[in-house]
Amino acid sequence: RIALELIQRNLCIIENEIISFTGTSWFQQLLSLIYFEEHRKGIGNLETVDRVPFFEYNFRKMDFVERPSPRLFATHLPYYLVPRGLKNKKGKIIYIYRNPKDVTCSYFHFSKNVTLQVTSSFEEFMEQFLEGKVSGSLWFDHIKGWYEHKSLFNIQFLMYEEMKKDLKGSLSKVCKFLGKELSEEEMDSIVRQATFQNMKYDPRANYKNIIKTRYGLEAKGHFLRKGTIGDWKNHMTVEQNERFDKIFQRKMKDFPLKFIWDMNEE
């Protein structure tokens with residue numbers, strides 16, 4: 001859910017960064033295409049997880065202090081666990097958020113088919129999600145925590161569904177926030193390479209090698225599954241949907257960010 005641009009001058013202080021949770025792999029690809037010409041032109045074979053590594057999952061055992069600028073990172077961490085140096089506002093944070101019904105469905109399939117950590121039914125998993133008994137804890141607390149403390153950071157909130165509906169428009173917003181100027185041709189190239197279908201079969205962006213290394217050959221299914229808006233309708237019963245709505249309305253009462261639940265919504 002967060003995407004940063006970070007310059008780290010010593011072991012303790014983080015000066016500039018970029019971070020994400022929902023749409024993390026998508027944003028890793030976007031940042032790689034924005035910042036690295038060789039990635040954009042298909043010259044380099046470095047995977048996006050190496051260009052934009054996770055704070056909390058250092059798969060490659062990298063020395064983050066020695067990383068050259070721009071220092072780009074991804075994370076699923078709540079606001080109170082990220083490096084304190086980000087509060088000097090020199091680091092730029094992009095928080096990607098998605099409607100939580102689709103988050104639940106995506107998370108369920110990821111846990112069941114990729115990491116093989118879930119053997120329960122969707123109904124049971126939804127209850128665990130709503131109670132915060134999943135990795136990453138309670139979704140409601142995560143997004144509210146970041147939003148309510150946004151004044152402490154240099155942060156931009158970006159809706160996953162808005163990116164799906166208008167990727168080029170969203171890319172323009174991101175580039176403006178990051179202070180990156182790209183030509184029209186470069187913008188079009190990024191949009192083309194960052195579509196879900198192209199990413200799904202791009203070995204630099206689809207996590208295939210990471211999944212094989214970390215979870216072995218037993219992992220089944222693609223890391224990038226659908227990435228659509230409204231897939232929750234294919235999973236939730238009327239009763240489950242009504243229960244989710246009640247909890248959402250109670251937890252998110254007066255929360256100012258809007259959510260899109262269906263592809264046809266404006």
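**Close-up 1. Lys133 and its partner Glu131 in a predicted model.** Lys133 has a relative accessibility of 60%, so this residue counts as exposed. Welcome to the surface of a predicted model! Which residue does the side chain of Lys133 meet in a salt bridge? The partner is Glu131, with 3.1 Å from N to O. Glu131 has a relative accessible area of 44%, so Glu131 is classed as partly exposed. The cut-off for "exposed" is over 50%, which is why Lys133 and Glu131 get separate labels. By the rule used here, the count of salt bridges comes to seven, and the next view shows two more examples.

**Close-up 2. Lys168, Glu184 and Asp188 in one network.** Start with the side chain of Lys168, which forms a salt bridge with the side chain of Glu184 at 2.4 Å, N to O. Lys168 belongs to helix H8 and Glu184 to helix H9 (residues 184–193), so this pair ties together parts that are 16 residues apart in sequence. Now look for Asp188: its side chain also meets that of Lys168 in a salt bridge, here at 2.8 Å, N to O. Asp188 lies in helix H9 and Lys168 in helix H8, so this pair links parts that are 20 residues apart in sequence. Through shared partners, the salt bridges join Lys168, Glu184 and Asp188 into one network. How much of Lys168 is accessible? Its relative accessible area is 28%, so Lys168 is partly exposed. Asp188 is partly exposed as well, with a relative accessibility of 35%.

**Close-up 3. Gly169 in helix H8.** Helix H8 spans residues 167–178, and Gly169 is found in it. Is Gly169 buried or partly exposed? With a relative accessible area of 22%, Gly169 is partly exposed; the label "buried" would need a value under 20%. From here, find Val191, which is 22 residues away along the chain. The C-alpha atoms of Gly169 and Val191 are 9.9 Å apart.

**Close-up 4. A patch of negative charge on the surface.** Which residues gather in this patch? They are Glu123, Glu124, Glu239 and Glu242. Two helices each give two or more residues to the patch: helix H5 (122–131) and helix H12 (238–251). Take Glu124 as an example to locate yourself, since you will find this residue in helix H5. Its relative accessibility is 45%, so Glu124 counts as partly exposed.

**Close-up 5. Strands S3 and S4 as a pair.** Now let us turn from charges to strands. Strand S3 (residues 92–97) pairs with S4 in the parallel sense, over six bridges. To find your way across the pair, pick out Ile96, which stands opposite Leu158 in S4. How covered are these strands? Strand S4 (residues 154–159) is mostly covered, with five of its six residues buried. S3 is also mostly covered: five of its six residues are buried.

**Close-up 6. Helix H6, mostly covered.** Our last stop is a helix. H6 runs over residues 139–148, and seven of its 10 residues are buried. Which residues are these? Try finding each one in turn: Trp139, Phe140, His142, Ile143, Gly145, Trp146 and Tyr147 are the buried residues of H6. As you follow the helix, keep a handy rule in mind. An α-helix has 3.6 residues a turn, so residues three or four places apart point the same way.

How values were computed
Residues are numbered from 1 along each chain as its sequence is written. This is a predicted model: local features need pLDDT of at least 70, side-chain atom pairs count only at pLDDT 80 or more; totals for chains, interfaces and linings use all residues. Side-chain values use heavy atoms; hydrogens and water are left out. Patches are made of residues with over 30% relative accessible area and no salt bridge: like charges are joined within 9 Å, nonpolar side chains (Val, Leu, Ile, Met, Phe, Trp, Tyr) within 5 Å. Accessible areas come from the Shrake-Rupley method with a 1.4 Å probe; for residues, only the protein chains shown count as cover. A salt bridge is a side-chain nitrogen of Lys or Arg within 4 Å of a carboxyl oxygen of Asp or Glu. Lys and Arg count as positive and Asp and Glu as negative; His and the chain ends are not counted. The place of a charge is taken as NZ of Lys, CZ of Arg, CG of Asp or CD of Glu. Helices (H or I, at least four residues) and strands (E, at least two) are DSSP runs, numbered from the N terminus. Buried means under 20% relative accessible area, exposed over 50%, partly exposed in between (1.4 Å probe, protein chains only). Two strands pair if DSSP finds at least two bridges between them.
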